[in-house]
Amino acid sequence: AFGNGGNINVKSENGKINTGRIAASSVNGNGGNVTINSPINIETKQIISAASNEGGKVEITSGGNIQITDTTPVTIDSSSSNPTSTGNGGAITLASEGDITISNQISSGVKGSGTGGDINFNSNSGKIASGDYDSSSSSGNGGAIDIIAFGDIITSAVISGQDSDTSGSGGKITIDSNKGSITTTSINAAGGKGDGGTIEITAFDNISTDFIKSSVLAFGNGGNINVKSENGKINTGRITASSVNGNGGNVTLNSPINIETKQIISAASNEGGKVEITSGGNIGITDTTPVTIDSSSSNPTSTGNGGAITLDSEGDITISNQISSGVKGSGTGGDINFNSNSGKIASGDYDSSSSSGNGGAIDIIAFGDIITSAVISGQDSDTSGSGGKITIDSNKGSITTTSINAAGGKGDGGTIEISAFDNISTDFIKSSVLAFGNGGNINVKSENGKINT
């Protein structure tokens, strides 16, 4: 009924530990702490230090492997369950020289206004395989989650934030495989009335995830998202670091081989976050959404800028629909820079224009063919500023676009440079000025083909 769970300590000086279920929970109080220590292997079933108020800590240290398997949905539970409580989730720490295997969910989440308990898994020379991780809080801040292994990491969802405007900040999430690969479902460090949590995913080999989210639904800034593979490819679902009332977080992807993702959003009401993708192979970003990469600034009364978008690839760059770093207020559109060293570029529209400010520069440079829809760094409006410079350059291929617009309003038109080895085909090309300023220079050159505009 009422009272706190007792502490449980299990330690072997020279042997292994094998137990059934361990419970130090409390229905109307605080959970007790659970500590297990062995120089060899540890095998247990479900561990519960959950409580209505403060969850108890769980700390397991092994010089061999740690294995916690059970049929229950939650395998390790140090959560705080009372919606009216300010209690925190208990920290969960597993440190192993060998493998860590957890059959189902690990939960240090909070139903009230406390902070989710930090979760730290570390395998010095082995791999980690588990279910979900949940350190989120319904009305408070999420706890940090660190999953670090020498070998492969395989998990289900990793959650330190909630898709709710009542929650606080998302907790930082770090997933790091020193010499292996990372395979997860979703990763969520979203904020509500606080910032999104930083997300760091690094592996020696391949990285495969579903959606990655550090967006904000109420007030706060989107969290930065960094995904890097040292020697493998990256494949993700949608990536979101946006903010409804704040600044967007930055998104960085880096792989020596191919990168494949779905929609990337770092847009915000104020300052859009930067998007930077670097690949030694191909970059493919395809989705059914109208805007495939969005780092725009959406508030008409804001002075915030659009986030710069930079894609640098050794091979092809393929973007299914629009790339937008445009601005609805008086800030400057974010610069857009696409560079394919030995491949081609195929994409939808580019938009770095600003409703009341200056457009950002757009550079589209490829070794092979360039195929785009509209390229827009200026607006046909007497309220906008100067158009941004537009450069489209195909070293050994052709250029096919619809329209190109670097028009100015109360500023100069942007310079437009179009050059290709082979044919150039466009619809209208515009760098005119509707109010005050000078029209921009327009240069179109083909080394070995015809020009049709």
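Which residue in β43 is the bridge partner of Ile362? Keep that one in mind while we walk through the model; the reply comes at point 7.

1. **What you are looking at.** This is a predicted model, so read every value here as computed from predicted atoms. The protein has 453 residues, and buried ones make up 54% of them. Take its C-alpha atoms along the principal axes and they fill a box of roughly 80 × 40 × 25 Å.

2. **Strands and no helices.** If you go hunting for a helix, you'll come back with zero, but you will find 50 strands. Now look at contacts between residues at least 6 apart in sequence: 73% of these join residues at least 24 apart.

3. **The core.** The largest nonpolar core holds 73 residues. Leu94, Phe121, Leu311 and Phe338 have the most contacts inside this core. As background, nonpolar side chains in soluble globular proteins tend to be buried together. Two of the names above, Phe121 and Phe338, come back below.

4. **Strand β13, a nice one to start with.** Strand β13 covers residues 119-123, and its side chains alternate. Ile119, Phe121 and Ser123 point to one face and are buried. Asn120 and Asn122 point to the other face and are not buried. What does β13 pair with? Strand β10 (residues 92-96) runs parallel to β13 and is joined to it by five bridges, with Ala95 opposite Asn122. Five bridges also join β13 to strand β16 (residues 145-149), again in parallel, and there Ser123 stands opposite Ala149.

5. **Phe121 up close.** Leave aside neighbours within four places in sequence, and Phe121 still contacts a long list, including Ile76, Ile92, Leu94, Ile128, Tyr133 and Asp146. Phe121 counts as buried because its relative accessibility is 0%, under the 20% cut-off.

6. **Aromatic pairs.** How many aromatic pairs does a search of the whole structure find? Two. One of them is Phe121 with Tyr133, edge-to-face, 5.2 Å centre to centre and with 75° between the planes. This pair links distant parts of the chain: Phe121 sits in strand β13 and Tyr133 in strand β15 (residues 133-134), twelve residues apart. Tyr133 is buried too, at 0% relative accessibility. Then there is Phe338 with Tyr350, also edge-to-face, at 5.2 Å centre to centre and 70° between the planes. Here Phe338 belongs to strand β37 (residues 336-340) and Tyr350 to strand β39 (residues 350-351), and they are twelve residues apart. Both Phe338 and Tyr350 are buried.

7. **Strand β40 and that opening question.** In strand β40 (residues 362-366) the side chains alternate: Ile362, Ile364 and Ala366 point to one face and are buried. Asp363 and Ile365 point to the other face and are not. β40 pairs with β37 in the parallel sense over five bridges, and Ile365 is the partner of Asn339 there. β40 also pairs with strand β43 (residues 390-394), in the parallel sense over five bridges. And so to the reply: Ile390 is the bridge partner of Ile362 in β43.

8. **Ser177, a polar residue tucked inside.** Ser177 lies in strand β19 (residues 173-177). Is Ser177 buried or exposed? Buried, because its relative accessible area of 2% is under 20%. The side chain of Ser177 reaches the backbone oxygen of Gly151 at 2.6 Å and the backbone nitrogen of Gly180 at 2.9 Å. Not counting residues up to four places away in sequence, Ser177 touches, among others, Ala149, Phe150, Ile182, Thr202 and Phe204.

9. **Ser214, a serine in a loop.** Ser214 lies in the loop between β24 (212-213) and β25 (225-229). Ser214 is buried, with a relative accessible area of 0%. Leaving out residues up to four places away in sequence, Ser214 touches a set of residues that includes Ala189, Gly196, Ile199, Gly222, Thr240 and Ser242.

10. **Charges over rings.** Two lysines to click on before you close the viewer. The charged end of Lys213 sits over the ring of Phe211, 5.0 Å from the ring's centre. Lys430 has its charged end over the ring of Phe428, 5.1 Å from the centre.

Definitions and conventions. Residues are numbered from 1 along each chain as its sequence is written. Side-chain values use heavy atoms; hydrogens and water are left out. A nonpolar core is a set of buried Ala, Val, Leu, Ile, Met, Phe, Trp, Tyr and Cys residues joined through side-chain atoms within 4.5 Å. Buried means under 20% relative accessible area, exposed over 50%, partly exposed in between (1.4 Å probe, protein chains only). Contact means heavy atoms within 4.5 Å. Helices (H or I, at least four residues) and strands (E, at least two) are DSSP runs, numbered from the N terminus. A polar contact is a pair of N or O atoms within 3.5 Å; within protein, one must be able to donate a hydrogen and the other to accept it, and residues adjacent in sequence count only if both atoms are side-chain atoms. Two strands pair if DSSP finds at least two bridges between them. Rings of Phe, Tyr and Trp (its six-membered ring) pair if their centres lie within 6.5 Å; planes under 30 degrees apart count as stacked, over 60 as edge-to-face and the rest as tilted. A charge sits over a ring if NZ of Lys or CZ of Arg is within 6 Å of the ring centre and within 35 degrees of the ring normal.
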